[in-house]
Amino acid sequence: MGRKMVVLVAITVGFLVGGHKGAAVFADELQAPQAIPEVLTLEKAMELALSNHPSLRVASGTQAINEALVGQAQSGFYPQVQGTAGKTLRTTNSTTQFSGSSVPRSTSGKTTGFYQNSVTLNQLFYDFGTTRSQVDTAQFNLKAANSDAETTVQTVVVNVQQAYFNLQQTQRLVTVNEEAINQFQKHLDLAKGRFKAGVAPKIDVTTAEVDLSNAQLNLITARNNALVARVTLNNAMGIQTASPYRVQEPSRGEAYQVALDEAVARAMQLRPEMISQRAQERAAEAAIKAAQGNFFPTVTDTANYSYNGVEFPLVYNWSAAAFVNIPIFSGFLTAQQVAQARASFLRTKANGDVLRQNILLEVNQALLNLEAARERLRVTAVTVEQAKERLALVEGRYKAGLSNAVEVTDAEVALVNAQVNDVVAMSSYQAAKSQLDRAMGIITPVRGG
């Protein structure tokens, strides 16, 4: 990975999994789409994706939500202060009536104003770790959200890589088909010349014309596939553009080998899904403690300071009290909450086992696919050279009148097929490398394609 790409990914992940308010800033500030160069490098494609893909903003929003939930859980540690101010208008008619009295009660519409102003403070002293467990749960959930955001980053990068390699493949297949048309056109011109000279039958010309028409149809299909691949890459980068561009031609690069044990160890340590899973398990474990805390008493303190009265100056009063709230019976609510938390923990642990099995499968498949792709690439390179040599020999024989048009066509088609297979093998090898990196939890773009 180039230094520029390392810095880019680090900055992006820093925004996503950074400190306080980092996620919210990233979610709110969408960068303007960047211009696409005429020749798009893989590094530039990933830069565009990390700047524009909407799934990253979704992940950032999830982080911001979990960060706010941590703050909500921590609020239980702080004093809760509430102030009130008001005025009450009321009548003061007597409600007393003597039994047997012939004197009717008198009422009047006179009202009295009563002013109420107070400040109340409530502070939790001790709750046997319930609030602490709730904070731990929220913090582990935030850690899981951070890892999920990193998973999203890696998924976006891998999707861009796959789309980029696919566009490379279709772009090269267009070139292969264009070269095939040139080759078939030369064969047609040669067949026409030999036919006019009376040394070749008419069928040679017709065969060459059919071959050229088929090559033109293949070129139409190849160009359409390239257009579709470009649209797919635009989607992977999260942009919309009608600007034409090309991607860099691929290079075979250096062999990439890693042992299975090393690959599995890397995956279990680096895969953000595993980091998220471990955080979720810790969060589920803390949730059990939070639920069990409801079995125990809580110690709270409250203080009140007020100014009240029917007229100014008002009269102040204050009060302070401490309470021990002892849960006696809640209709088995707490027991069921603990049972739910334990069941959730067991389910989370089981999901972790499933995840480990899936990662092990992905790593094994990625390694096998990479080895197969490496072997195919080695064979196709030899096949292309053999097909070129065969075509040269057949063309020489045809010019000398020692071969026929069918043999030339077979040699030309064999060369085209060999070149196509080599293009596909190159793309498959690059894709296999990126898939192995993804399976191990590593973002390592192939420089220059």
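Which element of the protein chain has the lowest mean pLDDT, and which the highest? Helix H2 (residues 22–28) sits at the bottom with 40, while H8 tops the list with 96. Here pLDDT is the predictor's confidence in each residue, from 0 to 100, and helices are DSSP runs (H or I, at least four residues; strands are E, at least two), numbered from the N terminus.

This is a predicted model, where local features need pLDDT of at least 70, side-chain atom pairs count only at pLDDT 80 or more, and totals for chains, interfaces and linings use all residues. Residues are numbered from 1 along each chain as its sequence is written, and side-chain values use heavy atoms, leaving out hydrogens and water.

The protein chain averages a pLDDT of 86, and 87% of the residues score at least 70. Over residues 1–33, though, pLDDT is below 50, and it also stays under 50 over residues 444–449.

Now for how H8 packs. Axes are lines fitted to C-alpha atoms, for helices over the stretch in contact, and angles run from 0 to 180 degrees between N-to-C directions.

| Helix pair | Angle | Axis distance |
|---|---|---|
| H8 (residues 272–292) and H9 (residues 333–399) | about 170 degrees | 8 Å |
| H7 (residues 260–270) and H8 | about 50 degrees | 5 Å |

The angle with H9 makes H8 roughly antiparallel to H9, whereas the H7 angle makes H7 oblique to H8. (Under 35 degrees is roughly parallel, over 145 roughly antiparallel, 65 to 115 roughly perpendicular, and the rest oblique.) On the H7 side, the contact (heavy atoms within 4.5 Å) involves Ala267, Met268, Gln269 and Leu270, meeting Pro272, Met274, Ile275 and Arg278 of H8.
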